Amino acid sequence: MRQPTLTTERLLLRPLQLADAPLIQKLAGEPEIALGTTNVPYPYDSGMAGQWIGRSLAGWDNGTLAIFAIALKDTEQLIGCIGLHNIKQHSAQLGFWLGVPFWGQGYCTEAARRLVDFGFFDLKLSRIFGQHRRLDPKPGKVLERAGLSFVRVKPDATRVNRITEDLSYYEATHPSLIEI
C-alpha cells in the first residue's frame, strides 16, 4: 500500500521526500526542537535529515513506521513532521516536532489528532502511546489534546547530554476497545 496524504482543516500530512531534507535540517536543527523531543539530536548535522528520510520511507514499506511531513494546506510549506514509530503488535508510539516559527498556533494538535485517527482506523492499531521529557510540558498538552491520557512518570528513562531524565508517558486505546 502506498503511503497516503492525510488532510485536516489547515494541514496536509504527506509522505516525506528526499527534497525535504534541507528544510528538515534547518527546522529540526534548532536547539528548542531537541529540548522537546527524545530522539532529535542537537546539533543536527549535515546529511542526517536525508538519512532519516530514507529510514522513514523504508519503515513505511516494512510496516514499522508511518512518518509524515506536516505542511500548510494553502502553501504546501513543510513546517514539521509527525509519525507513528515502533509499529508492532497493534501498537505504536506517536512522535512529532514542529518548526519553532509555527509554535502556538494549534498545528501540532491538529496533526496529532488526525494521525491518531489514522492509526486507529486505517492501520488498525489498538494502542497509541507517547512520551516526552518532563522538563518540557508542552508535548504532553499536545498528546492530551490528541486523545491520549497521562499514565505515569518513567523515572530515569532517557539520557540527554549524559544526564538521566524522567519521561512522562501517555497512551490511548482504540475507541472500540474501551469498556463502557
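A nonpolar core, as the term is used here, is a set of buried Ala, Val, Leu, Ile, Met, Phe, Trp, Tyr and Cys residues joined through side-chain atoms within 4.5 Å. Buried means under 20% relative accessible area, exposed means over 50%, and partly exposed covers what is in between, with a 1.4 Å probe and protein chains only. The structure above is a predicted model, in which local features need pLDDT of at least 70 and side-chain atom pairs count only at pLDDT 80 or more, while totals for chains, interfaces and linings use all residues. Residues are numbered from 1 along each chain as its sequence is written, and side-chain values use heavy atoms, with hydrogens and water left out.

Let us start in the middle. The largest nonpolar core has 50 residues, and Ile-24, Ile-82, Leu-84, Leu-94 and Leu-148 touch the most other members. Helix 4 gives the largest share of this core, with eight residues. Helices (H or I, at least four residues) and strands (E, at least two) are DSSP runs, numbered from the N terminus. In soluble globular proteins, nonpolar side chains tend to be buried together. For a look at one hub, take Leu-94: setting aside residues up to four places away in sequence, its contacts (heavy atoms within 4.5 Å) include Ile-82, Leu-84, Ala-112, Leu-115, Val-116, Phe-129 and Leu-148.

Now turn to helix 3, which runs over residues 48–62. Its 15 residues reach 21 Å from the first C-alpha to the last, close to the 21 Å expected at 1.5 Å a residue; the expected span is 1.5 Å times one less than the number of residues. Where do the buried residues of helix 3 sit around the axis? The residues in question are Ala-49, Trp-52, Ile-53, Ser-56, Gly-59 and Trp-60. They cover an arc of only 125 degrees around the axis, which puts them on the same side of helix 3; the arc is that of the directions from the helix axis to the C-beta atoms. An α-helix has 3.6 residues a turn, so residues three or four places apart point the same way. On the other side of helix 3, Gln-51, Arg-55, Asp-61 and Asn-62 are exposed. The buried residues pack against helix 1 (21–28), strand 3 (66–72), strand 4 (78–88) and helix 4. After helix 3 comes Gly-63, with a positive phi near 80 degrees.

Aromatic rings are next. Rings of Phe, Tyr and Trp (its six-membered ring) pair if their centres lie within 6.5 Å; planes under 30 degrees apart count as stacked, over 60 as edge-to-face and the rest as tilted. By this rule there are four aromatic pairs. One of them is edge-to-face, between Phe-68 and Phe-118, at 5.7 Å centre to centre and 85 degrees between the planes. Phe-68 lies in strand 3 and Phe-118 in helix 4, so this pair ties together parts that are 50 residues apart in sequence. Phe-68 and Phe-118 are both buried, and ring pairs link them with Trp-60 into a cluster.

Phe-150 and Tyr-170 form an edge-to-face pair too, at 5.5 Å centre to centre with 75 degrees between the planes. Here the partners are 20 residues apart, Phe-150 in strand 7 (residues 149–160) and Tyr-170 in strand 8 (residues 163–173). Phe-150 is partly exposed, at a relative accessible area of 40%, whereas Tyr-170 counts as buried at 7%.

Tyr-170 leads us on to His-132, in strand 6 (residues 127–133). His-132 is buried, at 3% relative accessibility, and a polar contact of 3.3 Å joins the side chains of His-132 and Tyr-170. A polar contact is a pair of N or O atoms within 3.5 Å; within protein, one must be able to donate a hydrogen and the other to accept it, and residues adjacent in sequence count only if both atoms are side-chain atoms. Among the other residues that His-132 touches are Pro-137, Pro-139, Asp-166 and Ser-168.

Our last stop is Glu-110 in helix 4 (residues 107–122). Glu-110 is buried, with a relative accessible area of 16%. Which side chain makes a polar contact of 2.7 Å with the side chain of Glu-110? That partner is Arg-10. The side chain of Thr-8 also makes a polar contact with that of Glu-110, at 2.4 Å. Thr-8 sits in the loop between strand 1 (6–7) and strand 2 (11–15), and at 12% relative accessibility Thr-8 counts as buried. The backbone nitrogen of Glu-9 lies 3.4 Å from a polar atom of the Glu-110 side chain.
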